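Ready for some practice in reading a protein model? Have the viewer open and try each task before you look at the solution.

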Amino acid sequence: MSVRVLVTGGTGLVGQGIKYVIDTEPANSPFGKQDGEEWFFVGSSEADLRNAEQTKKLFEKYKPTHVIHLGALVGGLFINMKRKLDFLRDNMLINDNVLHNAHEFKCKKVISCLSTCVYPDKVEYPLDETKIHLGLPHESNFGYAHAKRLVDIQNRAYKDQYGDNFTSAIPTNVFGPHDNYDLESAHVLPALVHRCYLAKKNNTPFVVWGSGKPLRQFIYSRDLAKLFIWQLRNYDDVEPLILSVGEDEEVSIKEVADAVVKALGFKGEYKFDTSKADGQFRKPASNKKLLGLIKDTGFKFTPFDQALQESVEWFLQNYEKARTGKPQ
Ligand SMILES: NC(=O)c1ccc[n+]([C@@H]2O[C@H](COP(=O)([O-])OP(=O)(O)OC[C@H]3O[C@@H](n4cnc5c(N)ncnc54)[C@H](OP(=O)(O)O)[C@@H]3O)[C@@H](O)[C@H]2O)c1
């Protein structure tokens, strides 16, 4: 039986991580391509998923049996604060079009991507799969958060009304090759890499926005890719699944900045701008459910420093084609 996997958002950070694993792991190995599988990685140039007609045409073209739905308007804290309506509307339209067509085309399975930053602002930690809807999200990203939370509601409604096998994955902060390094919209880790790179190049101070104190869990895109591939093949439950390193692996923004300084060999002045927002202080997520499910797969997380080093190397080698915006 042929399996045709459509990866929306396939040109982005997470999508390219999955493509890398599918292209490089041995065929028929646990995370490699299986006989009879075809994978299609599509970006917005193939179809604007906010548009119903273009989304339908995309499904007509690829006839997917399975969908990993990553396509989304994505960005860091500062762009989320600025464009709440865009983050709400674009993501609602994208998700509705993808899920509606997956249903119409009778896809056997869809995994959509949520994020730990859609959880309630005030909630008991650690986050787990049962707490997504237990309170309002943080003010800084309520547009993105509400749109993403609705995916879980839609999945349950599709299952309830039609028995569709739609589910979701909840990664923590992702980083890796093909990240978005545009300082206007980047997440914290690629923004730090780019800022430090420019500080080194221009011989200026490396300024980290915020106090450096907030704690985050970071997952390497190529590790996340393996977990998505495992989930696609093995997990048939509407309940979301947190895809994350353990709670004991939280790192502070200062620790990330220190690792970036080391990876780039930056020797200049390095300071924190505490007039800039910090966002949520911490939001540890539990990966207990995941670890219980994958215990026999041989999966191992890449150590943070190694993953950061590989990501920085990719950034340096691909600076011209990477998403960097307009560096000064
Ligand atoms: N990065 C993180 O830290 C993080 C953390 C948790 C969850 N996530 C989730 O992971 C998923 C992938 O994120 P990412 O970090 O890989 O983001 P990314 O690198 O910015 O990639 C976003 C992808 O979505 C596509 N896209 C955006 N708008 C679209 C539209 N209107 N129509 C069709 N495609 C569109 C982009 O296509 P083009 O580039 O071709 O325009 C790109 O392939 C998202 O659902 C995000 O919410 C990310």
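Below are four exercises on this predicted model, each with a worked solution.

**Exercise 1.** Find the buried residues of helix 2 (residues 52–62) and work out how they are arranged around the helix.

*Solution.* Start with the list: Thr55, Leu58 and Phe59 are the buried residues of helix 2. Now look down the axis of helix 2: these buried residues fall within an arc of 95°, so they line one face of the helix. Next, turn to the other side of helix 2, where Glu53 and Glu60 are exposed. Then ask what covers the buried residues: the cover includes strand 2 (37–42) and helix 4 (84–104). Finally, step past the end of helix 2 to Lys63, which follows the helix and has a positive phi, near 45°.

**Exercise 2.** Describe how helix 2 packs against helix 4.

*Solution.* Two packed helices are described by the angle between their axes and the distance between the axes. Here the axes of helix 2 and helix 4 come within 9 Å and cross at roughly 40°. An angle under 35 degrees would count as roughly parallel, and 65 to 115 as roughly perpendicular. Helix 2 and helix 4 are therefore oblique to each other. The crossing of helix 2 with helix 4 is right-handed. Helix 2 brings Ala52, Thr55, Lys56 and Phe59 to the contact, and helix 4 brings Asn97, Val98 and Asn101. Sorted by class, the residues of this contact are 3 nonpolar, 3 polar and 1 charged.

**Exercise 3.** Do the same for helix 4 and helix 5 (residues 142–162).

*Solution.* The axes of helix 4 and helix 5 lie 8 Å apart, at an angle of about 20°. That makes helix 4 roughly parallel to helix 5, since angles under 35 degrees count as such. Their crossing is right-handed. The contact includes Phe87, Leu88 and Met92 of helix 4, together with residues of helix 5, among them Ala147, Leu150 and Val151. By class, the contact of helix 4 with helix 5 has 12 nonpolar, 6 polar and 2 charged residues.

**Exercise 4.** Is Leu224 buried or exposed, and which residues does Leu224 touch?

*Solution.* First locate Leu224: its place is in helix 7 (residues 221–234). Then count its neighbours: 26 other C-beta atoms lie within 10 Å. A residue is buried if that count is 20 or more, so Leu224 is buried. Leaving out residues up to four places away in sequence, Leu224 touches Val14, Gly17, Pro171, Val174, Ile219 and Leu243. For a sense of scale, Leu224 and Asp35 are 189 residues apart in sequence and 22 Å apart in space, C-alpha to C-alpha.

Methods
Residues are numbered from 1 along each chain as its sequence is written. This is a predicted model: local features need pLDDT of at least 70, side-chain atom pairs count only at pLDDT 80 or more; totals for chains, interfaces and linings use all residues. A residue is buried if 20 or more other C-beta atoms lie within 10 Å of its own, exposed if 12 or fewer, and partly exposed in between; C-beta atoms are placed from the backbone. Helices (H or I, at least four residues) and strands (E, at least two) are DSSP runs, numbered from the N terminus. The arc is that of the directions from the helix axis to the C-beta atoms. Two residues are in contact if their C-beta atoms, placed from the backbone, lie within 7 Å. Axes are lines fitted to C-alpha atoms, for helices over the stretch in contact, and angles run from 0 to 180 degrees between N-to-C directions. Angles under 35 degrees count as roughly parallel, over 145 as roughly antiparallel, 65 to 115 as roughly perpendicular and the rest as oblique. A crossing is left-handed if the near helix is turned anticlockwise from the far one by less than a right angle, and right-handed if clockwise. Ala, Val, Leu, Ile, Met, Phe, Trp, Tyr, Cys and Pro count as nonpolar, Asp, Glu, Lys and Arg as charged, and the others, Gly among them, as polar.
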